[in-house]
Structure formats: C-alpha cells, structure tokens
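Visitor: Please walk me through this structure. I want reasons, not labels.

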Amino acid sequence: MAKQELLPLLYLTLLAAFVLNCHSDERKVHIVYMGEKPHGAVSMVSMHHSMLASVLGSTASAKESLIYSYGRSFNGFAAKLSDEEVTRFADMDGVVSVLPNSMLELHTTRSWDFMGFTQSHVRDSQGGDVIIGLLDTGIWPESESFKDEGFGPPPAKWKGMCQTENNFTCNNKIIGARYYNSYNEYYDGDIKSPRDSEGHGTHTASTAAGREVAGASFYGLAQGLARGGYPNARIAVYKVCWVRGCAAADILAAFDDAIADGVDIISVSLGFTFPEPYFEDVIAIGSFHAMGQGILTSTSAGNDGPWLGWVSNYSPWSLTVAASSIDRKFVSKLVLGNGQIFSGIVINNLELNGTYPLIWGGDAANVSAQETPLSSADCLPGDLDSRKVKGKIVLCEFLWDGSGVIMAGGVGIIMPAWYFNDFAFTFPLPATLLRRQDMDKVLQYARFSKNPVATILVGETRKDVMAPIVASFSSRGPNPISPDILKPDLTAPGVDILAAWSPIVSPSEYERDTRTAQYNIISGTSMSCPHASGAAAYVKSIHPSWSPAAIKSALMTTAYVMDTRKNEDKEFAYGSGHINPVKAVDPGLIYNTSKADYINFLCKQGYNTSTLRLITGDDSVCNSTKPGRAWDLNYPSFSLAIEDGQDIMGIFSRTVTNVGSPNSTYHASVYMPNSIEIEVEPPVLSFSAIGEKKSFTVRVYGPQINMQPIISGAILWKDGVHVVRAPLAVYTVLPSVTSSYRNPSKQTKRSNLKASSSMKKSDLKGSSIYYKNGIF
C-alpha cells in the first residue's frame with residue numbers, strides 16, 4: 001500500500017482510538033490532588049486507602065487500585081479509576097483536582113565560558129552542600145562527569161535513598177537515585193533502575209553539575225574541558241521518563257520525594273505542550289509545594305517556537321528558561337565534482353575518503369513498492385532502489401534520519417535544512433544540510449551532469465559572532481494563562497551543547513546507529529534549563545538563606561541585555577535576558593516574593609478560599625475571587641497586556657530588598673519608546689541596612705493601540721555599582737484574555753479529563769529526528 005493511501009487510514013485509526021478512550025469504562029491511572037498534607041500524625045496511606053474504599057466499594061479494590069500515595073511533601077494519590085469514579089472523586093470535599101495520567105514531553109562546555117562563568121568562579125565558591133534534584137530519564141553513573149573524588153559524605157540534611165536495581169550504584173557525587181513507573185510497563189530499551197537508557201538525563205545532569213573532564217568531545221568535535229555549571233553540587237536523580245514518555249503520576253511522585261529528600265534546586269526539562277490551569281499541571285503543583293519548602297524549580301520553556309504563546313511551565317513560582325545560541329557552530333562542507341563548495345549546519349564526524357557518485361533520490365524510485373520520483377525524492381525507508389543507490393551520495397528532498405539511504409546502501413546524504421537553520425543534527429552517515437537555493441544548484445548538477453560526483457568533508461567548528469540569539473525552536477510568550485506575568489523568565493545556552501551521554505544510546509537521529517559516545521551534542525530548552533539550574537545552585541551556595549524568589553530575582557535582574565535587532569520577539573523570546581551567573585551573586589536589590597503573595601495572585605486567578613486552604617494547608621483567605629490583574633505580584637519583570645483598541649494604562653506596585661551595601665541610594669531610570677509615559681514613584685530609594693525593604697509604584701500611560709505585538713522597555717535601579725534591571729513589555733490581546741480569567745472550578749476539572757491525550761507531537765510528525773535531538 002502506498003504512503004498516500006495510508007494517511008486516511010492512520011487518521012481514522014487515531015480517531016477511533018480517541019473515541020474509544022473517551023467512552024471506555026476501563027480503569028485508568030488518575031491523580032487525585034488534595035493540596036497540602038494535613039497537620040498531625042495522620043497516616044496518608046491509610047487515609048487514601050479509606051477514600052478509595054469508599055468509592056470503589058472494598059478495601060481489596062482500594063489496595064489493588066492505588067499506585068502512589070503522595071504524603072511526604074503534599075497530599076494526594078494516584079490510582080486506577082473508571083470515568084464514573086473520577087467524577088465521584090472530583091465532587092468530593094477536600095479534593096482540589098483530578099488529573100489524567102498524561103504523558104509529558106522531554107524538552108532536549110563552551111557554554112559556561114561563553115557566559116563569562118569560568119572555572120575560577122566555581123572554585124572560589126563553597127563546597128558540596130547544595131543538592132540538585134533532576135526529574136528526567138535517569139543517569140549513567142559511570143560517566144567521568146560524575147566521579148566523586150574529593151567529595152565527603154552527603155550533607156546531614158539529605159534524607160533520600162539510592163535504588164540499586166540492575167547494577168546501579170550511587171556515590172558521594174550522585175547521592176540519591178529513584179525511578180518511577182506508574183504503568184509498570186517496560187519497553188525495549190527501558191532499564192528497570194535509575195540508569196539512563198535515553199541519554200537525555202545524563203546530558204542534563206552533567207550540564208547542571210558535572211565534574212570537570214579534560215579532553216571531552218564528540219568524536220573530536222567540540223573538544224575541550226567539559227563541566228557543569230556548579231560541579232561542586234551533589235546530584236539526586238528521579239527517573240520519570242521512559243521510552244513511552246513521562247507520566248504525570250510519576251512526576252508528581254518524584255516531586256513528593258525530592259522535596260522531602262532535602263534537595264535545594266529541582267531541575268525539570270520537560271512539560272506539557274498545551275496550557276493547563278495551575279493546579280491541573282503536575283509541574284506547577286510540584287513546584288508550588290517545593291517553593292513552600294524553600295526550593296526553586298528550574299523548568300524548560302518548551303520547544304514549540306517560534307510561534308507565539310506556546311511557552312510551557314509558566315507558573316510565577318517557577319523559573320522558566322528559554323534557549324539561545326553560543327558562539328560556536330558546526331559545519332560540514334559538500335564538494336561537487338565541478339568545484340562548487342556548499343556549507344551546511346550539521347554535526348558530522350564521518351569522513352568520505354575521495355569522491356563518490358551523486359544521485360537524486362527521485363532518480364532511484366523503488367518501483368516495486370509503487371514509489372514515484374516525487375515520493376522517492378524524500379528518501380524515506382523503502383523509497384529507494386538499492387541497485388541505483390548503493391555506494392552513492394544521495395540528494396534527498398526531505399529532512400529525515402538517514403535510515404532510508406542506509407537501508408538502500410548509500411554512503412552519504414544531502415538534505416534540505418529545516419526552515420530555521422540555527423541548530424545542528426547528527427546523522428549515522430556522512431551528511432550535510434543545505435539551504436533551498438543551494439539544494440537547487442546541487443540538484444541541477446546531479447541531474448544534468450554526465451557523471452556527477454561529490455564528497456562530504458568531516459565537520460568543523462566556526463565562531464558565531466552573532467550569538468547569543470534565541471533559538472527558533474524555543475517556545476515564546478506571552479503567558480497563555482496569566483498575561484500579567486511575563487514568560488519566559490530568561491534565556492540560557494541551549495543550542496549544540498556538549499555534555500555527558502549514555503553509551504548504550506544512539507548518538508544520532510537514527511536509533512540503529514551502532515556508534516557509542518561518552519559525550520554528545522544536542523539542542524533544546526532541555527539543555528538551557530540545567531544551565532539555569534546550575535547557576536541557581538551556584539547562587540544558593542553563596543547565599544544559602546535566600547528564598548527561591550530571591551535566587552530567581554537575582555538571576556533575572558542581572559541578566560545580559562539581549563539585542564532586539566536579532567530577536568524580533570523580544571521579551572517573549574528571552575524574558576529578562578541572557579543568564580549571567582557571575583553578576584547574580586551580587587544583584588544589589590532583589591524582588592522577594594512570599595507564599596502569601598502567590599496566594600493573593602491565585603485569588604485573582606479565580607481560586608476561592610476553600611480551594612486555596614486545601615492547597616496551602618493554612619487559613620488563607622481570598623477577600624475576593626473576582627478575576628483581577630496581577631500587577632501587584634512582586635515579580636522581577638512587568639507585563640502589560642492591553643485590549644485591542646484601548647489606551648495604554650497600568651499601575652504596578654513592587655517592593656525591593658537591599659542585599660548589597662548597607663548604606664546605598666538607588667536612582668530609577670526608564671527605557672521606553674517616546675510614545676509611552678512611565679512614572680516611578682518614588683524615583684529614589686535610600687537604604688541604611690542589609691535586608692531593608694522599600695516599595696515603589698510604576699505607572700504606565702500611552703495612546704490607544706491596536707494589533708501591537710510587543711513594545712519593549714525596562715525599569716532600572718542604579719546605585720553606581722549595581723544595575724537592577726526589570727523588563728517591561730506592553731502588547732495587545734483580545735478582550736477576552738484580560739476580562740475573563742479561566743475559573744478553575746470542579747466543572748472545569750471534569751470537562752478536561754477526557755480531552756487529554758498522551759500523544760506526543762513527534763508521533764504526528766512521524767519522525768524521530770526532532771524527538772532525539774530534544775527539539776520535540
């Protein structure tokens with residue numbers, strides 16, 4: 001059957017599966033979230049068994065149904081429930097939300113030196129009392145990046161454990177490791193232990209906290225000293241992602257353990273594709289409870305750029321990290337027999353000795369498989385006639401993993417670059433990716449020359465003087481749930497990052513690539529997130545008493561200012577700017593935010609007193625649940641969403657805390673286009689002690705605006721030593737965005753249960769190329 005005939009059948013199959021899923025009475029794993037754990041000596045497991053037994057009808061059924069009992073850090077459980085049972089739990093008093101066990105997506109060292117954060121800064125910091133907890137695919141503990149020479153025993157605060165199944169061991173660097181699998185299903189490639197069989201978790205862990213390893217490279221490319229942002233930190237691993245994805249129930253269980261285990265920073269390089277209300281999003285739930293215990297959660301912004309409004313992990317209590325480039329690109333050259341030379345962005349360590357015949361995939365159609373020149377030009381598996389392709393370099397019209405050419409016996413591949421050609425892929429055979437105009441020239445030569453030949457040269461590195469630029473794949477704002485909170489918060493290196501790798505995993509886009517690699521080069525906000533996690537750990541080591549909001553504020557207000565001429569989406573792409581760990585340890589002033597501040601924010605998002613008391617476990621009160629603007633949340637950035645056709649008007653209140661010189665005076669300055677008027681009152685803040693707080697108000701006025709993507713500005717406080725910068729973004733939205741916040745009621749919870757899907761975007765694209773690179 002031809003590929004074209006398979007598409008309608010595929011769509012019908014997916015539709016039928018969705019309909020069956022919606023109407024099935026089969027019990028499936030759901031999460032019953034109940035907020036803060038109750039005070040006193042209460043057995044959480046017994047409580048959850050009792051609740052389940054009351055709904056399922058028997059104690060035996062309850063025990064069989066229960067998957068996880070969350071009770072170390074917050075209250076809730078995961079259990080197998082039918083649709084009817086889900087509805088009964090959703091209607092119960094004391095239940096905040098009932099969530100399906102959705103699958104979340106992974107978002108996938110020159111980078112530290114590029115930021116000016118050299119080895120000397122790390123060596124001058126304190127020793128290994130800071131613990132970074134990573135929720136990911138596990139870790140490869142034997143990697144050189146995780147040696148424990150020089151480390152003493154774990155800090156006394158550590159309460160975690162090491163699951164040692166299948167020959168997994170911890171040490172004084174990796175002090176804890178757990179794994180979670182709520183489905184209890186293991187596919188080919190899965191390892192039932194914290195060991196990493198995907199590569200992603202090893203890469204993120206070494207980026208955040210890997211030891212210094214001299215001479216690290218990917219087969220000679222990017223050779224140098226590999227290290228994480230804070231090599232002195234300890235690592236705690238929470239494996240929540242497997243071949244099938246990252247289950248929501250597992251993620252929440254990992255948060256429950258990580259908070260109670262005693263980690264200082266939580267790093268989460270994964271997220272939902274579509275926006276969810278805060279307490280129907282397990283990462284927002286987990287990071288809220290982490291914040292309450294003094295733990296900052298660093299999250300990836302997602303890889304759904306460059307489209308606006310697709311940013312993930314947008315809660316104000318988490319740090320949301322975009323991805324940008326560093327000053328290094330990987331290039332592979334194609335040399336044609338007529339002397340023409342073309343360069344493409346690709347990671348290619350494979351060399352062709354001499355020239356080989358060149359053929360266009362359309363001239364090698366597998367006729368027996370009903371392929372035509374139009375379809376075989378894509379070079380997908382089965383498209384090509386191996387008799388015509390064997391021993392040749394193949395020019396293909398579609399970006400794929402190279403498997404089709406390998407199966408047909410080809411020796412090299414030329415493919416079109418993705419529309420946004422700003423990051424590199426790795427392939428299992430010599431390859432290069434060319435721009436459309438260059439593809440046309442090569443096609444002309446391949447088809448109309450008598451004996452076309454070519455060669456692909458081994459890759460090389462080039463300096464990218466334009467860096468940093470936010471990557472095309474990095475998800476953009478504005479915030480899809482709370483337009484008054486600017487997201488992402490900042491950007492960090494996430495393009496072509498070299499870090500440790502699992503040697504049992506293919507280092508290229510082709511899963512059957514038999515090469516092994518100790519270090520690999522991949523891209524994604526999955527890579528930028530651990531850069532921020534490592535920087536946060538570094539700040540925490542210098543200022544151990546700082547709150548999560550204080551650390552976040554320090555990273556945001558000291559960020560390098562990005563060039564708006566290179567980043568047309570401005571703050572929607574990079575937030576406050578590019579992370580600068582060196583400056584972050586001495587920010588001068590911080591915008592601190594308490595749990596009470598976030599509760600006030602949630603009241604204005606439509607949460608009522610009874611729901612918030614469940615979440616917080618205290619006597620919090622919402623004076624009003626009428627939806628309102630979040631202009632008074634003490635956030636280190638300003639976001640002003642204006643309805644189309646309305647005048648610009650916003651009044652923000654902020655409070656800053658002095659963490660610089662005891663006696664200091666800060667003067668306000670403003671950057672904004674002339675059409676907008678900004679008043680800062682008072683314009684001068686004088687401090688006489690460290691820890692002293694001062695409040696100020698920012699009033700923003702301007703003319704009527706329509707269809708305005710973003711107007712970029714900033715509020716700065718300067719004392720002659722420090723520059724405390726907070727971006728101000730003004731943009732237009734539809735009236736419904738600001739006038740009717742989504743009310744997180746129980747009706748909303750029920751209506752979304754069946755609409756959720758575990759299908760990943762990579763499933764729809766049908767290609768592993770984006771998934772393996774961390775791009776989707």
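Guide: What follows is a set of short questions and answers about burial, salt bridges, a helix crossing and a surface patch. This is a predicted model, where local features need pLDDT of at least 70, side-chain atom pairs count only at pLDDT 80 or more, and totals for chains, interfaces and linings use all residues. Residues are numbered from 1 along each chain as its sequence is written, and side-chain values use heavy atoms, with hydrogens and water left out.

Visitor: Why does Ala 573 count as buried?

Guide: Buried means under 20% relative accessible area, exposed over 50%, and partly exposed in between (1.4 Å probe, protein chains only). Ala 573 has 1% relative accessibility, so it counts as buried. This residue is found in helix α16 (residues 571–574); helices are DSSP runs of H or I with at least four residues, strands are E runs of at least two, and both are numbered from the N terminus.

Visitor: What is Ala 573 in contact with, leaving aside neighbours within four places in sequence?

Guide: Ala 322, Val 470, Arg 476 and Pro 488. Contact means heavy atoms within 4.5 Å.

Visitor: What makes Lys 552 and Asp 489 a salt bridge?

Guide: The definition asks for a side-chain nitrogen of Lys or Arg within 4 Å of a carboxyl oxygen of Asp or Glu. For Lys 552 and Asp 489, the N to O distance is 3.7 Å, so the pair qualifies. The partners are 63 residues apart, with Lys 552 in helix α15 (residues 548–557) and Asp 489 in the loop between β24 (460–462) and β25 (490–493).

Visitor: Is Lys 552 buried or exposed?

Guide: Its relative accessible area is 3%, so Lys 552 is buried. Asp 489, at 1%, counts as buried too.

Visitor: Why is Asp 632 called partly exposed?

Guide: Its relative accessibility is 35%, so Asp 632 falls between the two cut-offs. Asp 632 also forms a salt bridge with Lys 604, with the closest N and O atoms 2.9 Å apart.

Visitor: Which residues are linked in a network of salt bridges?

Guide: Arg 72, Arg 178, Asp 257 and Asp 261. Within this network, the side chains of Asp 261 and Arg 178 meet at 3.0 Å, N to O. Both Asp 261 and Arg 178 are buried.

Visitor: How many salt bridges does the structure hold?

Guide: The structure holds 25.

Visitor: Which residues make the nonpolar surface patch of about 370 Å²?

Guide: Phe 274, Trp 307 and Trp 310. Trp 310 lies in the loop between β15 (296–300) and β16 (319–324). Patch members have over 30% relative accessible area and no salt bridge; like charges are joined within 9 Å, and nonpolar side chains (Val, Leu, Ile, Met, Phe, Trp, Tyr) within 5 Å. Areas come from the Shrake-Rupley method with a 1.4 Å probe, and for residues only the protein chains shown count as cover.
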